[in-house]
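Biologist: I should like a close look at a single part of this model, followed outward into its surroundings. Please treat the matter in one connected account.

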Amino acid sequence: MRWGSGDATFGRPIQWLVALFGDQLVEFSFAGIASGKQSRGHRFLSPGPVEFRGASDYVERLRAAHVLVDPAERASVMKERLLAAARETGGTLIEDDFLVAENLSLVEEPHVIAGHFELPYLSLPETVILEVMRGHQRHFGVRGPTAVCYLATSRS
């Protein structure tokens, strides 16, 4: 995609750049944006700027602002929260590595929302329900005592 009047292409609009080497700012610009020592946290849970003293505090300061930088940590938190939400619904999570990988890049810090289907919609075969949730909504399935319900990671 092309944003603004420039020639730079990127999947999302570039709003800021952080470039640090130790405690030193690496100065450069891309798409008309100059690098700095400031980022932003989760837009609802920690709006506003996050200032870095150096590269060593980058991960921790963003974690405190509800942004899990490390994909492995984000995946682990997502799985823990999905399993806990499934248990709370009285069901069992239908684990899906594809959905974890897909949702991993859609959220800064995974939060899970549980939902259910009205009974008339559950006359469809479970496979159809799960495939539509997976392919179109990126929702996780949960097998409950009486039916399938879903879990969605909230997007920011």
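Biologist: Is His139 buried or exposed? Please describe its setting as well.

Modeller: The model is a predicted one. In it, His139 is buried, with a relative accessible area of 16%. The residue lies in the loop between H4 and S10. Leaving out residues up to four places away in sequence, His139 touches Leu99, Met133, Arg134, Tyr150, Leu151 and Ala152. Two of these names return below: Met133 belongs to the buried residues of H4, and Leu151 is a member of the largest nonpolar core.

The helix before this loop may be taken next. H4 has 12 residues and reaches 16 Å from its first C-alpha to its last, close to the 16 Å expected at 1.5 Å a residue. Its buried residues are Ile129, Leu130 and Met133. Viewed down the axis of H4, these buried residues fall within an arc of 95°, so they line one face of the helix. Thr127 and His136 are exposed on the other side of H4. A general point applies here: an α-helix has 3.6 residues a turn, so residues three or four places apart point the same way. H4 is followed by Arg138, which has a positive phi, near 65°.

H4 is also joined to S10 by charge. A salt bridge brings together the side chains of Arg143 and Glu126, at 2.9 Å from N to O. This pair links distant parts of the chain, with Arg143 in strand S10 (residues 140-143) and Glu126 in helix H4 (residues 126-137), 17 residues apart. Arg143 is partly exposed, its relative accessible area being 41%, and Glu126 is likewise partly exposed, at 30% relative accessibility.

The largest nonpolar core has 14 residues, of which Met78, Leu82, Leu93, Phe140 and Leu151 touch the most other members. The elements that give two or more residues to this core are H2, H3, S10 and strand S11 (148-153). H2 gives the most, with five residues. Leaving aside neighbours within four places in sequence, Met78 is in contact with Val100, Asn103, Leu104, Val107, Pro110, Phe140 and Thr153. Leu151 connects the two descriptions, as one of the residues touched by His139 and as a member of this core.

The helix H2 itself has 18 residues and reaches 25 Å from its first C-alpha to its last, close to the 26 Å expected at 1.5 Å a residue. Buried in H2 are Arg74, Ala75, Val77, Met78, Leu82, Ala85 and Ala86. They cover an arc of only 165° around the axis, which puts them on the same side of H2. On the other side of H2, the exposed residues are Ala72, Glu80, Arg87 and Glu88.

Salt bridges also involve H2. The structure holds eight salt bridges. In one of them, Arg63 pairs with Glu73, the closest N and O atoms being 2.9 Å apart. That pair links distant parts of the chain: Arg63 is in helix H1 (residues 58-64) and Glu73 in helix H2 (residues 71-88), 10 residues apart. Arg63 counts as partly exposed at 31% relative accessibility, as does Glu73 at 22%. In another, Arg81 forms a salt bridge with Glu109, with the closest N and O atoms 3.7 Å apart. Arg81 lies in helix H2 and Glu109 in the loop between helix H3 (97-104) and strand S9 (112-116), so the pair ties together parts that are 28 residues apart in sequence. Here Arg81 counts as partly exposed, at 30% relative accessibility, whereas Glu109 counts as buried, at 10%.

A further region completes the account. A search of the whole structure finds one aromatic pair. Phe52 and Tyr58 form this tilted pair, 4.9 Å centre to centre and with 40° between the planes. Phe52 counts as buried at 2% relative accessibility, whereas Tyr58 is partly exposed, with a relative accessible area of 27%.

To return to the request, His139 is a buried residue in the loop between H4 and S10.

Methods. Residues are numbered from 1 along each chain as its sequence is written. This is a predicted model: local features need pLDDT of at least 70, side-chain atom pairs count only at pLDDT 80 or more; totals for chains, interfaces and linings use all residues. Side-chain values use heavy atoms; hydrogens and water are left out. Rings of Phe, Tyr and Trp (its six-membered ring) pair if their centres lie within 6.5 Å; planes under 30 degrees apart count as stacked, over 60 as edge-to-face and the rest as tilted. Buried means under 20% relative accessible area, exposed over 50%, partly exposed in between (1.4 Å probe, protein chains only). A salt bridge is a side-chain nitrogen of Lys or Arg within 4 Å of a carboxyl oxygen of Asp or Glu. Helices (H or I, at least four residues) and strands (E, at least two) are DSSP runs, numbered from the N terminus. A nonpolar core is a set of buried Ala, Val, Leu, Ile, Met, Phe, Trp, Tyr and Cys residues joined through side-chain atoms within 4.5 Å. Contact means heavy atoms within 4.5 Å. The expected span of a helix is 1.5 Å times one less than its number of residues. The arc is that of the directions from the helix axis to the C-beta atoms.
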